[in-house]
Amino acid sequence: MFAKQHAIALIVSGLFALGAQAAEPWVATATQAHPVLGTLAANASVQSAGEVAAGQSVHVAVTLKVRNKAQLDALTSNLLAGTSHKTLSHAEFMAQYAPTQAQVQQVVAHLQKSGFRNIKVAANRMLVSADGSAASAKTAFNATLHHFNVNGRNTFANVTAAQVPQSLGNVVLAVHGLQNVHTFHTTLQKAGVKTLASAKTNAASGHNPTDFPLIYNASSLPPASNTTVGIISEGDLTQTLQDLQQFEDSAGYSYVQTNVVNAGDASSDTDGIGEWNLDSQDILAAAGGALQQLNFYVATSMTNADITAAYNSAVSDGSAKVINVSLGECESDAQSDGTVASDDQIFQTAVAQGQTFSVSTGDSGSAECSGPGQSYPATSPYVIAVGGTTLYTSGTKYTSESVWNGGGGGPSVVEAAPAWQTKAGVLTTSKTKRGVPDVSFDADPQSGALVIVQGSNQQIGGTSLAAPLFSGFWARIQSANGNKLVSPNTAFYQYFKANTGLYHDVTSGNNGGYKAAKGWDYATGWGSLNVSALNTFISSHSGF
């Protein structure tokens with residue numbers, strides 16, 4: 001009897017030991033508990049409606065950490081410093097820095113075990129998306145989700161930080177999809193419907209997109225026929241593609257080859273038509289009416305999870321040398337759910353692969369956030385941040401620019417100042433934080449672009465215009481230089497101070513918190529580019 005009891009005790013003890021092994025310790029990811037819970041007492045417009053039902057659907061996007069991060073940091077630092085121009089091919093990135101297939105399988109197995117389904121792995125293995133429930137999220141990430149009513153909008157958010165088992169701690173970077181309180185938004189401003197016939201470019205009035213190459217001195221360059229450009233977009237692009245063809249007909253352009261790349265499930269949302277039309281028509285015009293291809297990397301929605309997937313789609317695809325982002329959100333919000341960590345890694349990969357992201361700085365002046373802070377991803381050190389001006393012309397001849405007071409600009413509260421800004425000595429308000437913008441273009445709705453939307457003309461501005469103007473011009477410069485140029489962040493700060501003919505310095509106006517001044521400033525950066533002069537300079541300076 002004693003022997004039998006002893007055997008049973010050993011079995012029970014063994015089962016407890018197995019249970020202890022199964023209860024693997026949790027470790028943190030970059031996704032923090034959403035701060036909305038802490039605002040309840042102070043903000044009457046935010047109300048809690050209790051825990052999310054276990055069966056409520058949840059779509060997640062799990063970002064994986066790159067391998068050999070220190071080596072990748074050194075590579076991109078050298079590229080941005082101008083000491084190297086050797087970028088990585090997609091195959092080289094996959095071999096040296098992408099997460100391994102074994103690491104991906106670890107994450108997939110964990111998601112499956114937790115009840116997730118429809119699991120998809122990005123081609124570069126940096127992102128794994130899946131569909132599940134609130135219960136699945138709690139099992140997989142130890143995260144509790146609550147309902148909140150925020151300014152009359154029904155939302156949900158994780159009230160605890162997202163964690164993963166210790167064995168995944170060196171694999172998983174962040175978990176997206178656990179909140180929809182804050183999402184990305186477009187950065188356009190409409191000035192009312194006008195016709196092209198009424199667009200006599202005189203002082204601050206609307207411009208046909210085909211005018212901008214003349215205004216910013218780009219017309220002497222060949223079109224960007226050898227360069228592919230990408231646009232981060234969302235929803236159903238059927239109307240955008242139809243309007244693009246109408247614009248091409250009206251401008252006398254040949255039809256550009258387009259490619260729609262869905263980063264997730266297809267969506268019927270058409271709320272962003274004006275934005276994607278503004279982007280595509282102005283990029284094509286700034287590029288001289290021709291591109292090798294125009295790719296739309298399409299998110300299912302404007303949630304952080306879906307937009308991150310669209311960014312990664314553009315980088316994983318790798319064919320677009322310039323990628324336009326006319327989107328943003330408060331950088332503090334983006335940091336809290338891990339978006340800054342995830343997206344910065346994606347943008348860093350782009351730099352390593354020789355791709356340039358052009359990002360609008362927002363339309364809220366110096367106050368994108370309710371407190372200090374700027375628009376993300378413009379504050380990322382791996383992108384070109386494009387602010388806004390009011391453009392004055394005589395016909396199609398450039399006269400001057402002043403600050404458009406809606407143009408985003410100021411010091412970041414999240415991102416550290418990159419070496420190329422600190423070395424230039426331009427930062428004043430905060431010398432340790434990234435300053436935006438880097439450059440600026442027309443953004444005032446009153447001097448904005450006349451865009452074809454659903455067959456009719458609308459006058460649209462915002463930094464959503466400024467970013468695609470830079471995208472198109474930089475594509476034109478890339479095409480003229482064999483697509484060999486790396487992201488120009490460092491070169492702008494290295495050369496512009498002593499070569500003022502390369503840009504139009506904006507010295508009047510303010511964006512609320514910051515005034516324009518001689519040289520770089522928080523209101524417009526260096527100002528707008530003198531495109532032809534810049535291209536001529538680049539051809540004789542290896543630093544670019």
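Biologist: At about what angle to β9 does α11 run, where this helix lies across β3 and β9?

Modeller: In this predicted model, helix α11 covers residues 339–352, and strand β9 covers residues 172–176. The helix lies across both β3 and β9, and the angle at which α11 runs to β9 is about 120°.

Biologist: Which strands stand at the edges of the open sheet that has the order β4-β5-β3-β9?

Modeller: Four strands form this open sheet, and their pairing is antiparallel, with a twist that averages 20° from one strand to the next. An edge strand has a single partner strand, so one side of it is left without a neighbour in the sheet, and the strands in that position are β4 and β9.

Biologist: Which residue in β9 is the bridge partner of Val 62?

Modeller: Strand β3 takes in residues 57–64, and it pairs with β9 in the antiparallel sense over four bridges. In β9, the residue that partners Val 62 is Val 175.

Biologist: Across which strands does helix α5 lie?

Modeller: Helix α5 is made of residues 134–141, and it runs at about 130° to β5, which spans residues 127–133. The strands that α5 lies across are β3, β5 and β9.

Biologist: Are α2 and α11 parallel, perpendicular or oblique to each other?

Modeller: Two packed helices are described by the angle between their axes and by the distance between those axes. Helix α2, residues 69–81, packs with α11 at an angle of about 55°, and their axes are 9 Å apart. An angle of 65 to 115 degrees would count as roughly perpendicular and one under 35 degrees as roughly parallel; the two helices are therefore oblique.

Biologist: How do the residues of the contact of α2 with α11 divide into nonpolar, polar and charged?

Modeller: On the α2 side the contact includes Lys 69, Leu 72 and Asp 73, while α11 contributes Gln 348, Val 351 and Ala 352. Taking the residues of both helices, the contact divides into six nonpolar, two polar and two charged.

Biologist: Which residue in β17 stands opposite His 185?

Modeller: Another open sheet has three strands in the order β10-β17-β19, with antiparallel pairing. Its strands β10 and β17, the latter made of residues 327–330, pair over two bridges, and opposite His 185 stands Gly 328.

Biologist: How many contacts beyond four places in sequence does the model have for residues 1–21?

Modeller: The mean pLDDT of the protein chain is 92, but pLDDT stays under 50 over residues 1–21. It also stays under 50 over residues 193–202, for which the model has 22 such contacts, whereas for residues 1–21 the number is zero.

Notes:
Residues numbered from 1 in each chain as written. Predicted model: local features only at pLDDT ≥ 70, side-chain atom pairs only at ≥ 80, totals over all residues. Heavy atoms only, no water. Axes fitted to C-alpha atoms, helices over the stretch in contact; angles between N-to-C directions. Parallel < 35°, antiparallel > 145°, perpendicular 65-115°, else oblique. Contact = heavy atoms within 4.5 Å. Nonpolar A, V, L, I, M, F, W, Y, C, P; charged D, E, K, R; others polar. Pairing = 2+ DSSP bridges. pLDDT = per-residue confidence, 0-100.
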